[in-house]
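Please look at the assembly shown here and follow how its chains are placed against one another. The text after it goes through the contacts between copies in turn.

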There are 6 protein chains.
Amino acid sequence: MPRYQPIDAFQSPRFCGVRTFARLPFVTTTQEVDATIIGIPFDTGVTYRAGARFGPAAIRDASVLLRPYNAGAGVDVFGTLSVTDSGDIPIVPGYIEDSYERIQVGLKPILDAGIIPICLGGDHSITLAELRAVAQRYGPVGLAHLDSHSDSWDVYVGRIYNHGTTFKRAAEEGLLDTSRCIQVGMRGPTFDAADYDVARNLGFALMPNDEMRRHSMTEVAEIARKRVGSGPTFLSFDIDFVDPAYAPGTGTPEVGGVTSWEVLQLLRGLRGVNFVAFDIVEVLPAYDSGQITALLAANIAYEMLTLQCFARSGRKAQV
Amino acid sequence: MPRYQPIDAFQSPRFCGVRTFARLPFVTTTQEVDATIIGIPFDTGVTYRAGARFGPAAIRDASVLLRPYNAGAGVDVFGTLSVTDSGDIPIVPGYIEDSYERIQVGLKPILDAGIIPICLGGDHSITLAELRAVAQRYGPVGLAHLDSHSDSWDVYVGRIYNHGTTFKRAAEEGLLDTSRCIQVGMRGPTFDAADYDVARNLGFALMPNDEMRRHSMTEVAEIARKRVGSGPTFLSFDIDFVDPAYAPGTGTPEVGGVTSWEVLQLLRGLRGVNFVAFDIVEVLPAYDSGQITALLAANIAYEMLTLQCFARSGRKAQV
Amino acid sequence: MPRYQPIDAFQSPRFCGVRTFARLPFVTTTQEVDATIIGIPFDTGVTYRAGARFGPAAIRDASVLLRPYNAGAGVDVFGTLSVTDSGDIPIVPGYIEDSYERIQVGLKPILDAGIIPICLGGDHSITLAELRAVAQRYGPVGLAHLDSHSDSWDVYVGRIYNHGTTFKRAAEEGLLDTSRCIQVGMRGPTFDAADYDVARNLGFALMPNDEMRRHSMTEVAEIARKRVGSGPTFLSFDIDFVDPAYAPGTGTPEVGGVTSWEVLQLLRGLRGVNFVAFDIVEVLPAYDSGQITALLAANIAYEMLTLQCFARSGRKAQV
Amino acid sequence: MPRYQPIDAFQSPRFCGVRTFARLPFVTTTQEVDATIIGIPFDTGVTYRAGARFGPAAIRDASVLLRPYNAGAGVDVFGTLSVTDSGDIPIVPGYIEDSYERIQVGLKPILDAGIIPICLGGDHSITLAELRAVAQRYGPVGLAHLDSHSDSWDVYVGRIYNHGTTFKRAAEEGLLDTSRCIQVGMRGPTFDAADYDVARNLGFALMPNDEMRRHSMTEVAEIARKRVGSGPTFLSFDIDFVDPAYAPGTGTPEVGGVTSWEVLQLLRGLRGVNFVAFDIVEVLPAYDSGQITALLAANIAYEMLTLQCFARSGRKAQV
Amino acid sequence: MPRYQPIDAFQSPRFCGVRTFARLPFVTTTQEVDATIIGIPFDTGVTYRAGARFGPAAIRDASVLLRPYNAGAGVDVFGTLSVTDSGDIPIVPGYIEDSYERIQVGLKPILDAGIIPICLGGDHSITLAELRAVAQRYGPVGLAHLDSHSDSWDVYVGRIYNHGTTFKRAAEEGLLDTSRCIQVGMRGPTFDAADYDVARNLGFALMPNDEMRRHSMTEVAEIARKRVGSGPTFLSFDIDFVDPAYAPGTGTPEVGGVTSWEVLQLLRGLRGVNFVAFDIVEVLPAYDSGQITALLAANIAYEMLTLQCFARSGRKAQV
Amino acid sequence: MPRYQPIDAFQSPRFCGVRTFARLPFVTTTQEVDATIIGIPFDTGVTYRAGARFGPAAIRDASVLLRPYNAGAGVDVFGTLSVTDSGDIPIVPGYIEDSYERIQVGLKPILDAGIIPICLGGDHSITLAELRAVAQRYGPVGLAHLDSHSDSWDVYVGRIYNHGTTFKRAAEEGLLDTSRCIQVGMRGPTFDAADYDVARNLGFALMPNDEMRRHSMTEVAEIARKRVGSGPTFLSFDIDFVDPAYAPGTGTPEVGGVTSWEVLQLLRGLRGVNFVAFDIVEVLPAYDSGQITALLAANIAYEMLTLQCFARSGRKAQV
């Protein structure tokens with residue numbers, strides 16, 4: 001049995017105890033750990049609503065509803081993986097570059113130990129720091145990016161770091177193998193007709209919502225899997241990929257998004273990808289209703305763990 | 001014309017008056033009544049969020065938006081059936097077995113008079129008491145159970161009665177003809193890979209969400225109708241069958257559920273089944289937003305009445 | 001470049017400044033203006049929940065998230081049209097006929113100048129006054145009416161003016177060319193089996209939700225476009241056309257409605273229609289959650305502007 | 001024992017059953033009744049936020065927390081008085097004069113039978129119709145009016161009936177013996193320096209908040225009692241008399257108001273006044289939080305019943 | 001320096017990390033600990049609103065705003081005491097007697113080690129189990145009970161255990177030295193004129209709200225201190241002691257309560273009492289607004305720790 | 001009559017129109033203006049909850065309830081002063097030093113023209129930039145600072161600029177004449193026993209909440225007036241000075257604060273002070289309930305205008 005597992009809900013009801021992700025042990029060890037949940041409560045990078053610094057706490061709070069076996073995927077998640085909750089990286093509120101350093105420092109030992117981090121945002125600016133840490137360990141990685149925005153602006157009000165410039169910066173810094181990168185789900189008004197071209201010119205594949213809608217979610221997953229190939233890959237999920245009806249608690253919502261069921265189908269279709277790190281970002285509890293956004297985010301993190309079960313058995317299988 | 005009908009909204013606006021279901025008369029007679037709405041405000045059986053004791057009040061509050069004619073189904077509901085609101089059964093908060101007795105006592109005269117009860121929960125533990133009352137009148141019944149959970153655990157924290165054990169208990173007590181029982185829509189993480197097998201081993205048909213999604217809702221209804229056959233049948237609808245975007249106000253939500261439109265299609269597809277009792281459970285107003293969960297639950301109860309119109313005309317037709 | 005455009009978000013973040021629609025200039029000129037947003041904060045006409053008087057403010061508040069280019073439609077909205085925010089018409093709360101006069105007076109100069117008004121409600125009773133103003137300028141117009149209700153009652157509690165009688169009155173007053181009118185999406189319980197016949201007897205085409213669901217949204221749009229033909233047409237969008245999960249903030253919600261994505265598809269399918277005026281009504285912020293209803297309404301108004309871009313280039317093309 | 005009493009909470013928990021005021025019988029008889037609760041769900045008269053039509057339902061909902069004995073006042077309320085819930089008067093939404101007629105018609109049999117009505121608003125415009133009914137029965141009455149506004153405007157946007165003109169109209173119509181009228185608690189910005197003079201010129205005593213604050217609440221009550229004397233008197237309580245911290249759910253809140261404890265002291269100080277009718281108005285549930293406004297309003301109605309216990313024993317004593 | 005202290009907010013912002021009380025270490029040791037926070041998430045004992053099972057989590061969430069030094073009291077709380085967060089006792093939802101056993105088992109090692117427990121409820125029924133544990137260690141104790149209710153009913157719907165019978169049971173079981181017990185703040189309607197006599201007949205001093213209001217809070221504290229004397233004493237704080245404006249998030253609110261400032265004054269006045277255990281109960285987050293109830297509860301727990309600093313220095317002083 | 005005044009509510013109801021402060025003209029002129037409202041929607045400086053960037057919009061939204069005459073103070077505010085709404089300063093989200101520059105640039109022309117700015121925050125970090133602009137115009141100024149925190153930290157997580165260091169920085173930069181500075185109302189836990197000494201060592205007078213409570217609000221105002229003397233003075237009001245019951249919508253609330261009535265008394269007591277600029281900060285709408293915080297903030301700004309009426313008539317009197 002895995003070393004680290006959730007508390008047994010048949011002994012202690014799920015509403016009991018300190019809120020770690022899925023009631024996993026809060027430990028900072030890198031021994032006997034397959035994957036770890038880590039919060040990055042930073043929201044200084046936002047251009048509209050702030051408050052995603054409370055995202056990790058909200059996701060943990062909702063995550064106590066998770067149970068060990070992923071019935072939809074047919075995977076015994078916590079019977080397969082040893083998972084911990086590493087707490088939060090102590091970012092510096094109001095200072096993005098200081099925080100980038102702390103994020104990189106915080107992720108390094110986890111990545112060095114071969115542990116898969118599942119980062120809970122925080123706004124999407126944190127992904128740049130995550131990718132710096134990941135690239136330091138794995139070199140330029142592939143990217144599956146699910147979002148309503150491409151986040152590939154160049155500058156915003158004279159500044160190059162914020163949640164709208166993340167992937168342009170990452171590409172420029174050589175953190176991504178753009179030939180293995182895909183952005184899926186872009187929708188909503190943009191500032192310019194050429195907005196998506198910026199990403200494409202960086203080498204990303206970009207599939208806007210309208211194009212995505214012409215496929216089933218399984219097909220979309222297949223396209224993404226082909227694009228990212230077999231190399232080490234990062235999965236970045238911005239909760240605003242989902243429609244505001246399903247995820248009201250976010251900072252820059254866009255109407256016309258997918259349902260929670262479509263999300264599950266898409267994520268489950270990514271089985272077999274060699275993911276080395278994940279994040280789920282832009283959960284903003286102050287605009288949530290009935291905890292539905294946080295619960296969806298917790299389930300997305302859980303599907304990420306599920307993907308990791310496949311990756312792990314896959315890697316074993318290949319041996 | 002039916003003896004008991006709602007107040008005419010062209011004389012008295014719908015926001016006027018004491019909140020009975022659909023502004024039906026609050027009477028406790030069993031004379032000249034075809035169906036009755038009855039609240040069971042019990043939530044001691046929950047394992048996560050409590051508060052469904054306010055479910056009946058919230059559903060009544062939202063139900064004043066209902067009007068007499070079901071345009072989608074083409075049925076003059078309140079022109080066909082004489083319906084009353086019987087108020088609530090005075091359960092014993094904090095004591096499940098005492099409450100079970102009171103529920104059984106409360107339902108007996110209704111069932112004995114051949115009136116169809118539509119029970120407003122309350123958490124799903126109440127269904128066991130309802131089934132005891134129903135089986136006393138009709139013998140073991142068939143079951144159409146729409147839910148995200150199978151509610152077939154054996155024990156929970158050492159106790160056999162709560163909202164997660166209802167259908168295992170009901171089967172064990174011989175209240176159900178399991179060969180005519182079907183559970184539809186199960187999804188979300190489970191405690192164990194074998195969770196659904198428990199229900200199947202009891203004799204239930206169980207169609208998880210993933211399997212259900214491969215059919216249209218009309219087909220799902222057809223499958224359910226075949227399963228329950230022509231004998232007396234109970235329809236139990238847990239509001240968490242629906243996605244949290246449509247029904248945030250519930251105790252143990254699971255992402256990836258159906259829409260309100262799919263619910264209507266599924267329920268309308270159950271025409272002709274010989275339903276003898278209904279419940280709609282797990283509405284928890286404190287987590288609702290904009291009354292949408294309560295409104296959906298009120299409409300589900302209204303569709304149950306609609307089904308009863310068909311059953312009634314069907315029975316007449318057979319004569 | 002158009003004379004009136006939004007503030008540039010790269011100079012001034014979108015959360016800055018006085019809330020006009022999309023941060024457009026608040027001016028009341030009729031010179032060099034193609035279209036204008038105008039609020040009509042009237043809700044005395046409602047039969048259930050009141051509060052839509054705060055609809056225009058809520059839509060403006062959410063609309064600052066809009067950006068100039070409609071990526072889904074491929075149209076540079078604010079690069080094509082000169083658009084202003086005309087503020088609100090100062091209606092008389094509590095007095096529907098006084099308010100009707102003020103609405104007509106308020107819209108006249110806009111319509112006379114050939115400017116396309118996009119009216120933000122307010123409850124659906126305002127559409128009668130809008131149609132009076134429009135018919136005065138254009139004669140009887142066609143109508144594309146998206147709603148869960150037909151709003152074609154004759155009288156309500158003894159009175160002929162309210163949000164449930166709008167389209168019967170409009171037809172009777174000769175404001176509509178009913179042979180070019182279509183109502184789409186009706187659903188929910190009605191007072192009578194013959195409710196929809198009233199509208200049909202007035203000459204409207206009426207496509208209930210159940211019938212609409214048998215088509216794709218593109219087909220529905222095609223049907224509507226054929227019906228309204230090439231003459232001047234009014235587009236009236238009641239936010240309760242959408243499901244309460246997507247639009248909880250409204251006065252008389254009905255379950256079983258469409259998604260935000262279906263709305264976008266339907267509206268985009270109406271390209272080429274000769275719309276001369278628009279409204280989006282029944283947004284009730286006090287029941288909204290996380291601003292999702294207001295955001296959807298803002299996007300609907302934005303799609304209306306987008307349709308106008310097509311109409312404008314179409315008209316040019318025809319010259 | 002009184003003929004009509006609440007359901008016993010030791011037999012049926014307070015959250016059970018159809019929501020009548022304090023779970024009193026919903027009957028419309030005038031036999032063996034001392035006082036009755038009656039809702040007037042009218043809000044067309046408001047000048048700012050609408051939605052008080054849901055006030056009666058919200059107050060009833062919160063009132064189930066009331067118990068029979070008023071410990072603070074030392075009075076066995078429901079052991080002394082026979083009280084019923086008469087439901088709501090079916091007003092005509094959107095039409096103030098029609099509604100005034102219906103209110104008058106609805107109150108007449110109650111007043112004629114010598115029953116004390118406690119009216120649940122609804123906005124403050126309803127008080128004019130109530131006073132018409134009361135004056136018809138008792139002649140011009142005294143008035144104790146607790147409010148943050150004097151409600152003595154002459155016209156508003158060209159119209160003479162709305163919630164800001166109530167007491168000017170009542171005085172003009174001769175419904176009040178202004179020499180026995182007092183308005184207490186006025187505060188907040190006004191339109192004009194002379195605003196309070198209007199009321200004073202009508203003959204009212206008017207004690208603004210600043211003046212009131214120089215007295216204890218017991219002294220304020222004493223002043224009011226002296227003013228209204230021993231003749232038949234109406235007590236009108238606008239919930240915005242209380243600070244928004246204690247009563248957020250209202251239409252035109254003003255900061256700087258009193259606490260709930262000060263309210264209780266003031267009301268209890270009015271013992272012995274010959275009240276013949278009461279209202280508690282302007283409760284707007286959509287802006288309430290945690291039901292605190294509705295609960296306070298329910299307690300105010302309960303204190304009104306308590307005052308009636310004193311009046312009743314006083315009258316008996318005088319015989 | 002104390003062994004266990006909160007995380008330094010100048011290194012890690014207060015919104016970072018897993019939510020323990022005041023970001024104290026979550027450890028279960030009894031070594032080098034002066035006081036410990038322990039959650040008891042049980043709400044099966046309620047007679048009205050349920051949901052206080054989420055009280056401990058909500059209080060922890062708000063408690064991260066606490067800082068080490070109590071400036072108002074002039075005490076360096078976390079520089080004086082070694083404090084831990086012991087997590088929650090895994091109660092059995094739905095089963096009060098099972099839960100009582102678990103509570104007693106959970107508190108025993110803490111009490112045996114001479115550690116002061118500060119229990120976070122949960123509903124007020126838990127105090128009976130706490131008192132059983134405390135009396136087992138210290139014998140019958142004194143009681144300072146701040147509440148709007150006396151919680152001294154005999155039976156409720158036929159059952160002897162729930163949140164309304166706690167102190168009657170405790171007295172009957174001999175857990176209290178009633179000559180050293182005082183209940184303060186009772187208000188709101190009661191079921192009977194004799195309700196408070198029940199408590200007095202048990203030997204409690206009982207000071208209702210009306211009597212309390214005749215004193216300053218310092219005087220009230222002085223009266224309570226005299227009553228409880230120098231023996232071991234339990235302090236039980238029901239959050240509904242405070243007015244709903246300050247503490248909306250609770251199960252059975254009563255209007256007319258004290259302010260947060262009055263609470264602080266009262267608690268600070270209790271310096272020197274020999275408290276051996278504390279609880280703060282009935283926090284119900286689903287009815288809270290803006291976290292104000294939870295924040296107040298966190299501060300109350302913090303004042304309890306502050307009292308313990310005095311008790312400790314007092315005890316030292318006595319040596 | 002003043003050049004710029006609010007829209008007349010008797011012509012256009014207060015819920016009509018684009019939300020400027022009190023429905024004043026949105027113009028950026030410096031001609032014929034006595035005072036101006038200006039938003040500074042910056043919240044990057046916060047150490048706990050973010051979101052005060054929406055403060056100015058929320059205050060404007062609530063401010064439409066204001067009317068021209070301040071009845072409590074006996075001042076015809078908008079009949080005395082010509083007031084405009086200058087919109088918001090376009091700060092740079094995420095970058096405090098860039099934003100400081102923009103704030104200074106934005107305020108300069110206003111101050112140079114002798115107009116009194118009333119700044120709507122935003123978090124308390126903005127006050128440093130405001131003071132830089134003010135000192136540039138007037139030299140070092142006096143300060144009346146109402147707050148629950150002293151905001152005089154030296155560094156926070158290694159950085160010198162944020163909402164907790166404002167007044168230390170201001171003193172160090174020589175923007176304040178500390179001999180004329182007073183901080184009032186400090187309460188809540190601090191990081192250190194010496195926290196308040198930091199401010200005192202800078203030369204500030206500091207009156208904590210406990211000390212303040214020993215005086216009436218009129219006396220507190222008198223003390224403050226004496227301290228600031230007759231020189232040019234800045235009034236900075238942090239909404240968390242008020243208790244969370246009255247102002248839940250803020251970022252770092254502290255229990256035990258004053259009421260709205262006490263706020264009015266205190267502000268009105270500051271008559272005659274030579275205020276040259278004002279701000280009201282830390283309004284965070286996402287945590288507000290029923291708009292009560294925003295309404296209170298709007299009234300505070302209105303009292304600031306009222307103070308300016310006195311200052312103006314005073315200055316005139318001196319001529």
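What follows treats two kinds of contact between chains, then one loop residue, one helix and the pairs of chains that stay apart.

This is a predicted model, in which local features need pLDDT of at least 70 and side-chain atom pairs count only at pLDDT 80 or more, while totals for chains, interfaces and linings use all residues; side-chain values use heavy atoms, with hydrogens and water left out. Residues are numbered from 1 along each chain as its sequence is written, and chains are lettered from A and ligands numbered from 1 in the order in which they are written.

How is chain B related to chain A? When copies are superposed by least squares on the C-alpha atoms of residues with pLDDT of at least 70 in both, a rotation of 120° with 0.0 Å of shift along its axis lays chain B on chain A at an RMSD of 0.0 Å. The two copies are therefore related as by a three-fold rotation axis, and the C-alpha of chain B nearest to that axis belongs to B:A245, at 3.3 Å. The copies use different surfaces, since 9% of the contact residues of chain B recur in chain A.

With contact taken as heavy atoms within 4.5 Å, this interface draws 32 residues from chain B and 29 residues from chain A. The buried area, which is the accessible area (1.4 Å probe) that two parts lose on being put together, summed over both, is about 2,700 Å² between chain B and chain A, with 64% of it from carbon and sulfur atoms. There are 2 salt bridges between chain B and chain A, a salt bridge being a side-chain nitrogen of Lys or Arg within 4 Å of a carboxyl oxygen of Asp or Glu; one salt bridge pairs the side chains of B:E254 and A:R67 at 3.2 Å, N to O.

Chain E stands in another relation to chain A: a turn of 180° with a shift of 0.0 Å along the axis superposes chain E on chain A with an RMSD of 0.0 Å, which is the relation of a two-fold axis. E:R19 is the residue of chain E that comes closest to the rotation axis, its C-alpha lying at 3.2 Å. Because 100% of the interface residues of chain E are also interface residues in chain A, these copies meet through the same surface.

Here 23 residues of chain E are in contact with 23 residues of chain A, and the area buried between them is about 1,700 Å², of which carbon and sulfur atoms give 70%. Of the area that chain E buries against chain A, E:F15, E:V18 and E:R19 supply 36%, more than any other three residues. The count of salt bridges between chain E and chain A is 0.

Chain E also reaches chain B, where E:R159, found in the loop between β6 (141–146) and α5 (166–172) of chain E, touches B:V92, B:Y95 and B:D98. The side chains of E:R159 and B:D98 are joined by a polar contact of 2.6 Å (a pair of N or O atoms within 3.5 Å; within protein, one must be able to donate a hydrogen and the other to accept it, and residues adjacent in sequence count only if both atoms are side-chain atoms).

Finally, chain A and chain D do not touch, their nearest C-alpha atoms being 15 Å apart, and no contact joins chain B and chain F, whose closest C-alpha atoms also lie 15 Å apart. Within chain F, helix α1 (residues 55–63) has 8 of its 9 residues buried, where buried means under 20% relative accessible area (1.4 Å probe, protein chains only); among them are F:I59 and F:R60.

Definitions and conventions
Buried means under 20% relative accessible area, exposed over 50%, partly exposed in between (1.4 Å probe, protein chains only). Helices (H or I, at least four residues) and strands (E, at least two) are DSSP runs, numbered from the N terminus. Lists of a residue's contacts leave out its neighbours within four places in sequence.
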